[in-house]
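This report describes how one protein chain is put together, moving from its domains to its core and then to a few single residues. Please keep the structure in view while reading.

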Amino acid sequence: MFFLEKDRLIEVFERLKGDYTVIAPKIEKGAILYQRVSAFEDLPFGYRDHQKPGYYRIEKMDTEEFFTYTHPVNSLKNFLHPPELTLIRVEKGDKRVRFSYDVPRERYAFFDVRACDLKALKILDGVFIEKNNFPDPYYRSLRENIFVVAVNCTYATDVCFCATLSSGPEVKEGFDICLTEIREGFVVEVGSNKGMELLKDMHLKEANKEQIKEKERRVANLKVREEKLPEDLRDRLYEAMEHPFWDQVAKRCLACTNCTQVCPTCFCFDVLEINDMDLKESVRMRVWDSCFNSSFATLHKFNLRESIMSRYRQWLMHKFAYWVDQFDTLGCVGCGRCITWCPVGIDVLESVKELLKEIGS
């Protein structure tokens with residue numbers, strides 16, 4: 001572990017800018033979002049996000065600390081599995097048709113990634129590459145060239161429940177360097193050769209015992225919502241497929257798709273064929289979809305999930321049961337985004353707890 005003075009954090013940022021497109025938190029329209037950032041001053045240092053079911057706001061704090069907020073509204077998914085992606089382009093020319101496709105080669109440095117989002121990244125790796133018989137070349141091309149600057153949370157909102165799913169709050173793997181803010185500066189952990197290379201010429205001193213103890217204390221003292229879920233959660237949920245509970249939740253759910261859009265692991269997509277009116281070009285595009293969309297489960301004009309109840313059940317069951325069957329892990333990391341951005345404030349963890357209570361678990 002090394003120690004980095006607070007006024008030298010900008011050096012890390014500037015070094016990354018030389019080789020990568022930096023993606024970092026930035027304030028836009030009253031929210032903290034992951035965006036392309038070219039200036040260190042654009043980061044939302046000193047701001048705090050307040051989140052509750054169906055509620056979000058930020059405020060400027062009177063503090064000299066940097067990482068006073070939690071994770072941004074969006075996630076790394078927006079860049080590695082973007083909302084719109086051109087797969088194939090077909091162009092009609094004189095006496096021939098030309099097919100082309102471009103695999104993205106951009107090099108991203110994700111600056112300020114929290115434990116829950118690193119767990120989500122690991123889950124997406126399984127979906128698109130490691131547990132996929134046909135690895136996605138678009139995702140893999142971007143994933144191979146990223147640099148991750150992780151940050152240990154020292155603040156949590158009311159909707160955070162990463163501790164319930166062992167996804168956080170402490171960062172333990174998946175980073176190139178990890179920062180923990182203490183009073184004097186940052187304790188820096190190195191997680192890869194790329195991370196060591198970045199810091200190589202900065203001549204950082206090793207963190208002393210007091211600095212390491214303060215780091216450990218700040219991480220340990222963070223209180224995050226933690227519930228005990230049964231080890232056989234998947235099986236218990238399968239037993240409750242026809243329980244009346246689903247109808248109760250469906251009376252509140254608007255099927256607006258907000259939860260799936262902000263979720264860092266939801267990956268469902270549709271493929272569209274977009275044709276020019278002059279019939280000289282056609283583009284095959286991959287776009288985000290959602291299991292809450294009314295047409296998502298339509299096959300040959302028959303909708304397999306016409307009711308909102310069936311769509312909500314599909315979403316929750318996928319996160320906590322089907323995903324285990326498919327990828328041997330839960331599909332939820334406890335970031336709480338779906339709770340915050342649900343217009344009616346449905347709390348997914350409370351839904352699971354309530355269902356378990358109804359069936360006597």
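In this predicted model, the centres of domain 1 and domain 2, taken over C-alpha atoms, are separated by 27 Å. Domain 1 covers residues 2–85 + 102–221, while domain 2 covers 232–269 + 289–356. The contact between them draws 30 residues from domain 1 and 27 residues from domain 2. Together the two domains bury about 2,300 Å², of which 65% falls on carbon and sulfur atoms. On the side of domain 1, Lys-77, Ile-123 and Phe-161 supply 24% of the area buried against domain 2, more than any other three residues.

The polar part of this interface comprises 17 residue pairs in polar contact, counted where both residues have pLDDT 80 or more. The elements that give two or more residues to the side of domain 1 that touches domain 2 are strand S4 (47–52), strand S5 (55–60) and helix H3 (115–130), and H3 gives the most, with nine residues. One salt bridge is found across the interface of domain 1 and domain 2. The side chains of Asp-117 and Arg-337 meet in a salt bridge at 2.9 Å, N to O.

His-71 has both of these charged residues among its contacts. His-71 sits in the loop between strand S5 (55–60) and helix H2 (77–80), and, leaving aside neighbours within four places in sequence, it is in contact with Asp-49, Gln-51, Arg-114, Cys-116, Asp-117, Cys-335 and Arg-337. Because its relative accessible area is 5%, under the 20% cut-off, His-71 counts as buried. The side chain of His-71 also reaches the backbone oxygen of Cys-335 at 2.9 Å.

The nonpolar interior can be taken next. In soluble globular proteins, nonpolar side chains tend to be buried together. Here the largest nonpolar core has 36 residues, and those with the most contacts inside it are Tyr-312, Trp-315 and Leu-316. Two or more residues come from each of H7, H8, helix H10 (308–327), helix H11 (337–340) and helix H12 (348–358), with H10 giving the most, at eight residues. This core draws at least three residues from each of domain 1 and domain 2. Tyr-312, beyond its neighbours within four places in sequence, is in contact with Trp-246, Val-249, Cys-253, Phe-292, Ile-346, Val-348 and Ser-351. Apart from this core lies another, of 34 residues, among them Leu-9, Val-37, Tyr-69 and Phe-186.

His-243 is placed in the loop between helix H7 (233–239) and helix H8 (245–250). Once neighbours within four places in sequence are left aside, His-243 is in contact with Leu-355, Glu-358 and Ile-359. His-243 and Glu-358 are 115 residues apart in sequence, yet their C-alpha atoms are 8.6 Å apart in space.

Ser-282 lies in strand S14 (residues 281–288) and, not counting residues up to four places away in sequence, touches Ile-88, Arg-89, Val-90, Glu-273, Ile-274 and Asn-275. Ser-282 is classed as buried because its relative accessibility is 17%, under the 20% limit.

The table gathers side-chain polar contacts of these residues.

| Side chain | Partner | Distance |
|---|---|---|
| His-71 | Cys-335, backbone oxygen | 2.9 Å |
| His-243 | Phe-245, backbone nitrogen | 3.0 Å |
| Ser-282 | Asn-275, side chain | 2.6 Å |

Notes. Residues are numbered from 1 along each chain as its sequence is written. This is a predicted model: local features need pLDDT of at least 70, side-chain atom pairs count only at pLDDT 80 or more; totals for chains, interfaces and linings use all residues. Side-chain values use heavy atoms; hydrogens and water are left out. Helices (H or I, at least four residues) and strands (E, at least two) are DSSP runs, numbered from the N terminus. Contact means heavy atoms within 4.5 Å. A polar contact is a pair of N or O atoms within 3.5 Å; within protein, one must be able to donate a hydrogen and the other to accept it, and residues adjacent in sequence count only if both atoms are side-chain atoms. Buried means under 20% relative accessible area, exposed over 50%, partly exposed in between (1.4 Å probe, protein chains only). A nonpolar core is a set of buried Ala, Val, Leu, Ile, Met, Phe, Trp, Tyr and Cys residues joined through side-chain atoms within 4.5 Å. Domain bounds come from an automatic or database domain assignment. Buried area is the accessible area (1.4 Å probe) that two parts lose on being put together, summed over both. A salt bridge is a side-chain nitrogen of Lys or Arg within 4 Å of a carboxyl oxygen of Asp or Glu.
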